[in-house]
Amino acid sequence: MYTVPRKTRRLGKNLIFRPEVASTNSLASTFAKSGEISDGTVVVTLHQSAGRGQAGSTWHTEPGRNLTMSVYLEKPVNAADAFMLNIVSTLAVADLCKSCGLNDIRVKWPNDVLVDCRKISGILCENSIQGETIRWSVVGIGLNINQTRFDGFNATSLSLQTEREFDLNAILEELLFCFESRLDQLRDGFRNQLRTTWTSLLYLHRTQHIFNTPAGPLKGMITGIDEVGRLIVETATGPRIFGPKEISFL
């Protein structure tokens with residue numbers, strides 16, 4: 001079904017395929033904890049029975065129609081720069097979408113990718129941190145490819161946007177190539193450029209919106225993120241900073 005990508009130098013050269021798993025992130029993390037995995041390994045499946053999203057949400061996908069994978073990385077960044085993995089991975093998905101001819105691509109903080117304001121991809125970065133170092137990270141990516149029905153969800157897919165079917169293996173190879181290219185930029189010191197590009201794609205950037213917070217609705221305008229990736233919202237009483245579990249989009 002899936003083959004080792006030719007276009008990458010490192011990512012996916014060790015490819016672990018399972019027809020069905022509970023969660024590719026969970027499986028990759030299990031291998032990492034037992035030392036049975038190498039840097040750049042990709043775990044991919046046709047069906048996740050218990051896929052996980054940001055802040056405990058669930059990722060639903062139609063079996064065999066979409067891409068569901070996790071990338072294992074050893075010491076990718078310092079702990080203080082953990083959010084850069086969200087930036088790199090969402091930009092990689094955006095790059096892939098552009099290569100397929102899609103427009104109006106936005107990244108929705110902290111880790112979703114939207115096309116025409118509908119979700120096409122969700123990303124979950126999980127890190128094993130020791131002091132100021134990330135020992136290893138697992139970056140889970142779900143990308144809607146050939147699914148055309150999303151009952152009850154504001155979602156879309158490559159197929160819906162382009163009216164054609166895609167080869168899952170070809171998309172996997174292209175996405176890993178985009179991901180590796182963005183990782184190279186990060187490792188070559190282009191951190192600020194990556195942040196600037198990501199911010200330029202940020203959903204609702206500098207647009208008045210009503211958000212949901214534990215204290216109730218909040219009217220404000222997203223102005224960016226701070227150094228650790230928390231959302232900065234300008235309100236009538238000044239700027240406020242929120243973590244992923246502290247604010248949501250109404």
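**Exercises on sheet, core, helix and rings**

Strand β8 (residues 208-213) and strand β9 (residues 216-225) run antiparallel to one another and are joined by six bridges. Before you start, note that this is a predicted model: local features need pLDDT of at least 70, side-chain atom pairs count only at pLDDT 80 or more, and totals for chains, interfaces and linings use all residues. Numbering starts from 1 along each chain as its sequence is written, and side-chain values use heavy atoms, without hydrogens and water.

**Exercise 1. Find the order of the five strands in the open sheet, and say which strands stand at the edges.**

Solution. Begin with the terms: strands are DSSP runs of E with at least two residues, helices runs of H or I with at least four, both numbered from the N terminus. Two strands pair if DSSP finds at least two bridges between them.

- Step 1: the order is β11-β10-β9-β8-β12, with antiparallel pairing.
- Step 2: β11 (238-242) and β12 (248-249) each have a single partner strand, so they stand at the edges, with one side of each lacking a neighbour in the sheet.
- Step 3: for a check at residue level, look at H209, whose bridge partner in β9 is G220.

**Exercise 2. Identify the residues that touch the most other members of the largest nonpolar core, and the helix that gives the most to this core.**

Solution. A nonpolar core joins buried Ala, Val, Leu, Ile, Met, Phe, Trp, Tyr and Cys residues through side-chain atoms within 4.5 Å. Buried means under 20% relative accessible area, exposed over 50%, and partly exposed in between, with a 1.4 Å probe and protein chains only.

- Step 1: the largest core has 62 residues, and L67, M69 and L158 touch the most other members.
- Step 2: helix α2 (residues 83-99) gives the most, with 11 residues.
- Step 3: a separate second core has nine residues, including I16, Y72, W136 and V138.
- Step 4: turn to α2 itself, where 15 of the 17 residues are buried, so the rest of the structure largely encloses this helix.
- Step 5: from first C-alpha to last, α2 reaches 25 Å, close to the expected 24 Å (1.5 Å times one less than the number of residues).
- Step 6: just past the end of α2, G101 has a positive phi of about 90 degrees.

**Exercise 3. Is Q147 buried or exposed, and which backbone atoms lie 2.9 Å from a polar atom of its side chain?**

Solution.

- Step 1: place Q147 in the loop between β7 (133-143) and α3 (158-162).
- Step 2: its relative accessibility is 7%, so Q147 is buried.
- Step 3: a polar atom of the Q147 side chain lies 2.9 Å from the backbone nitrogen of E62, and one lies 2.9 Å from the backbone oxygen of R149.
- Step 4: leaving out residues up to four places away in sequence, Q147 touches T61, E62, R65, N66, S157 and L160 (heavy atoms within 4.5 Å).

**Exercise 4. Classify the ring pairs Y2 with F17 and F211 with F249.**

Solution. Rings of Phe, Tyr and Trp (its six-membered ring) pair if their centres lie within 6.5 Å; planes under 30 degrees apart are stacked, over 60 edge-to-face, and the rest tilted.

- Step 1: the whole structure holds five aromatic pairs.
- Step 2: Y2 and F17 have ring centres 5.8 Å apart and planes at 55 degrees, so this pair is tilted.
- Step 3: Y2 is buried at 9%, whereas F17 is partly exposed at 27%.
- Step 4: F211 and F249 have centres 5.5 Å apart and planes at 70 degrees, so they are edge-to-face.
- Step 5: F211 in β8 and F249 in β12 are 38 residues apart, and both are buried.
- Step 6: ring pairs link F211 and F249 with Y203 into a cluster.

Notes: Polar contact = N/O pair within 3.5 Å; in protein donor to acceptor, adjacent residues only side chain to side chain.
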